[in-house]
Amino acid sequence: MTPSNAPRFWLWPNLLSLDAPVVAVLWQILFARSFHVEVPAAAVALLVLAVWLIYAADRVFDARGGSKLPRHEFYRRHWRTVLPVWTAVFALAAWLAWTRLPAPLLQRGAFIAVAVAVYFTVVHAVRSAWPKELAVAILFAVGASVAAWNAIRSAVDVEIIILFSCLCWINCMAIEQWERRKFHWPIGIAAMLVAAGAAFTCADRPVLSGAVMASALAFVFLDFRRRRLSADALRVLADVALLTPVVFLPLAGMPR
């Protein structure tokens, strides 16, 4: 890349797959504090590493599959540089998981790892025409909330995790549509439905519900403005919309 065609500075977190790990760990901490669960530092670090590993690998495979989207093109050009970094991060993540995670969390993580392996097999090896964005959303939401599962006490707790999964799905679908400038999926309507669902859980989980609702309304606004914003800006802002835990974390209960 020459200085004239280098990506703008605010695109680098997205190109390097650093935005998704930040989003994941913010929601992990918000779930943990809201459910009054103490999450080991190793679990926080491992989530950051695991999300980056998955996103980086996914983009490399998408690039090899012929995608010309900017984030995939970046990995097509730089996969030789990424590969040794990816290998080192994988080794570190495996060591952390094996030596530092509590047994119950390690077991849940193993099940998620199997699900991720199935995802890569179906999407990139078999190339089956299945809803990739939905699968990514479910895996992301499960990974971000798994440390708090032992504190689930009611149907409302399950509902808020499902709403967060829907929020992740909206994020994936929004990026897919806004990058390609094909507006066939009702992002705004779906986001309004998630916001309405979160409103019904406010009495029991006000902080989590508030964060979900704020993110959903951010997607409503972005969808309304989508034709006035560039594809690059929309791609970045779709992830910024999920950073609402930054605002709500100070309101969440600390672990007991």
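Buried here means under 20% relative accessible area. With that cut-off in hand, here's a quick tour of this predicted model, covering its cysteines and its nonpolar cores. The short version: there are 0 disulfides, and the largest nonpolar core has 48 residues.

**Cysteines**

- Don't go hunting for disulfides, as the structure holds 0 of them.
- Cys 168 isn't in one, and the nearest cysteine sulfur to it, on Cys 172, sits 7.0 Å away.
- A disulfide needs the two sulfur atoms within 2.5 Å, so that pair doesn't qualify at 7.0 Å.
- At a relative accessible area of 3%, Cys 168 falls under the 20% cut-off and therefore counts as buried.
- Looking from the other side, Cys 172 is in no disulfide either, and its nearest cysteine sulfur is that of Cys 168.
- Cys 172 is buried too, with a relative accessible area of 14%.

**The largest nonpolar core**

- Within this 48-residue core, the residues with the most contacts are Trp 27, Leu 30, Phe 31, Phe 164, Leu 167 and Phe 219.
- Several helices give two or more residues to this core, including α2 (19-34), α3 (41-64), α8 (187-199) and α9 (206-224).
- The largest share comes from α7, which puts in 11 residues.

**Around Phe 219**

- Leaving out residues up to four places away in sequence, Phe 219 touches Leu 167, Ile 170, Asn 171, Ala 174 and Trp 178, among others.
- Its contacts also include Ile 187, Ala 191, Ala 238, Ala 241 and Leu 242.

**A second core**

- There's also a separate core of 32 residues, with Ala 32, Ala 56, Leu 96 and Ala 97 among them.

How values were computed
Residues are numbered from 1 along each chain as its sequence is written. This is a predicted model: local features need pLDDT of at least 70, side-chain atom pairs count only at pLDDT 80 or more; totals for chains, interfaces and linings use all residues. Side-chain values use heavy atoms; hydrogens and water are left out. Buried means under 20% relative accessible area, exposed over 50%, partly exposed in between (1.4 Å probe, protein chains only). A nonpolar core is a set of buried Ala, Val, Leu, Ile, Met, Phe, Trp, Tyr and Cys residues joined through side-chain atoms within 4.5 Å. Helices (H or I, at least four residues) and strands (E, at least two) are DSSP runs, numbered from the N terminus. Contact means heavy atoms within 4.5 Å.
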